[in-house]
Amino acid sequence: MNILHKVATGVLMIFRQLYDAVSGTYTYLLASRRGGEALIIDPVLEKVDRYLALIRELDLRLVKAVDTHLHADHITGLGALRDHTRCITVMGEQSSIDVVSMRLSDGDLMRIEGLELEAIYTPGHTDDSYSFRMSDRVFTGDTLLIRGTGRTDFQNGSARAQYESIFNRLLRLPDETMVFPAHDYKGDTVSTIGEEKRCNPRLQVRCVDDYVALMNGLNLSNPKMMDVAVPANMRQGLAQQDIARQGWAITAERARAMTGCKDTMLIDLRERTERQKYGAIPGSLHVPYSDLEANIQPNGMLHGLASATGRQILFYCAFGERSAMAVRAAHEAGLETAYHIHGGLDAWKKADGPLTH
Ligand code: FE
């Protein structure tokens, strides 16, 4: 797909580049307005308290936490931010993380109120590396750094794939596009595509084979944190067992038997784009997770429907993470007959559940 044909839009009013000096990681906080929804890219676990304070100070509501790839040099703040804010966690579909709320693939749009970022699959540093583009800037993770590129010698990295990602995807963005990487160790904060084309020493190669030879000759030692960070980062999923122990989880097999039965309301918490792309369980109502809070309050639509009809609520989402958070929130709001499908649509499909498109 030609990424020049699609320009992600939105007015970026709040943009913070935050730094973790221990790992040299940049974290980005984005929002379209004060008092509105916010998105965070590549949060670091040790800095979560700082992010939460800043989010409060700026009067923002964190709704999505995203990692550009599975990091080897720090532990991600994704799980902790989700546990504190009930935000959605997002990574690419190739990631070996156990559970995230939402998985993206190339060309998908990641939306929050007032902002859209386009996911560009840029493997090479790892096989799950994504870049995220807005109109005037691109978040390049460890694919393209300032005057450097991410190493390609572990985590299914590939210098050949990275060459393709950089030369055939990122460098085709307009020259003035700002480049915000996931790391810098020299003190640089931002560059542009044009500047990196001209000045990045790794990019002054004649062909892919030259690039592969350059990258394979680097002989880097492994990151200090690697043996701790990689396994920790692979286990960030919300423990749905806790919800199951409360008796609020229903297996996909049991859910199949319940659909079509009149005393159950099936609620799809995913976003419209996920429904279009992956289909939905027949007969389910669409209530996006971002609208859940208002819906489950005593004066909300779902609360009213459940009370008026006496029907139980069965939430589902992509992998069971949003629905697990929804069940907890619903019970806290006094909806005692709320359940969710353990493992989400993923489990539903494995149980050969029918889908409508
Ligand atoms: Fe990395």
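Select strands E15 to E19 to start: they hold an open sheet of five strands, in the order E15-E19-E18-E16-E17 with parallel pairing. Two strands count as paired if DSSP finds at least two bridges between them, and the labels follow DSSP runs numbered from the N terminus (helices are H or I of at least four residues, strands are E of at least two). The edges are E15 (249-250) and E17 (285-286), each pairing on one side only. Now pick residues 312-316 and 338-341: these are E18 and E19, parallel to each other over three bridges. To see the register, show Phe-315, which stands opposite His-340 in E19.

A note before moving on: this model is predicted, with local features needing pLDDT of at least 70 and side-chain atom pairs counting only at pLDDT 80 or more, while totals for chains, interfaces and linings use all residues. Residues are numbered from 1 along each chain as its sequence is written, and side-chain values use heavy atoms, leaving out hydrogens and water.

**The two domains**

Next, colour residues 4-233 as domain 1 and 240-350 as domain 2; such bounds come from an automatic or database domain assignment. Their C-alpha centres lie 31 Å apart. The contact (heavy atoms within 4.5 Å) takes 16 residues from domain 1 and 17 residues from domain 2. How much area do domain 1 and domain 2 bury between them? The figure is about 1,400 Å², with 45% of it on carbon and sulfur atoms. Buried area here is the accessible area (1.4 Å probe) that two parts lose on being put together, summed over both. On the domain 1 side, select Arg-86, Ser-101 and Met-102: they lose the most area to domain 2, together 42% of what that side buries.

**The iron site**

Centre the view on the iron ion and show His-69, His-125 and Asp-142. These are its protein donors, through NE2, NE2 and OD respectively, at 2.0 to 2.3 Å. Donors are N, O and S atoms within 2.8 Å of the metal (3.2 Å for Na, K and Ca), and sites may look incomplete because water is not among the atoms. Along the sequence the donor residues follow the spacing H-x55-H-x16-D. The two histidines link distant parts of the chain, 56 residues apart: His-69 is in the loop between E4 (61-66) and H2 (78-85), and His-125 in the loop between E8 (115-121) and E9 (130-133). Are these histidines buried or exposed? His-69 is buried, at 1% relative accessible area, and His-125 is buried too, at 5%. Buried means under 20% relative accessible area, exposed over 50%, and partly exposed in between (1.4 Å probe, protein chains only).

Stay in the loop between E4 and H2 and select Asp-67. Asp-67 counts as buried, at 3% relative accessibility. Leaving aside residues up to four places away in sequence, Asp-67 touches Asp-42, Pro-43, Thr-76, Leu-78, Val-90 and Met-91.

**The six-stranded sheet**

Now show the open sheet with the order E7-E8-E9-E10-E13-E14 and mixed pairing. Its edge strands are E7 (109-112) and E14 (191-192), each paired on one side only. Zoom in on E9: both of its faces are covered, with Tyr-130 and Phe-132 buried on one side and Ser-131 and Arg-133 buried on the other. E8 and E9 are antiparallel over four bridges, and Ile-120 stands opposite Ser-131 in E9. On to E10 (residues 137-141), which pairs with E9 in the antiparallel sense over two bridges. Three residues make the hairpin connection from E9 to E10, and the bridge partner of Arg-133 in E10 is Val-138.

**Helices H3 and H5**

Select H5 (residues 208-216) and look for its buried residues Tyr-211, Val-212 and Met-215. Why are they on the same side of H5? They cover an arc of only 100° around the axis, and that places them together; the arc is that of the directions from the helix axis to the C-beta atoms. Their cover includes E12 (148-149) and H3 (159-169). Add H3, whose buried residues include Tyr-163, Ile-166 and Phe-167; the buried residues of H3 pack against E8, E12 and H5.

**Last stop: a hairpin**

Finish at residues 14-20 and 25-31, the antiparallel strands E1 and E2, joined by seven bridges. Leu-18 stands opposite Thr-27 in E2. Four residues separate the two strands of this hairpin, and Gly-24 in the turn has a positive phi of about 65°.
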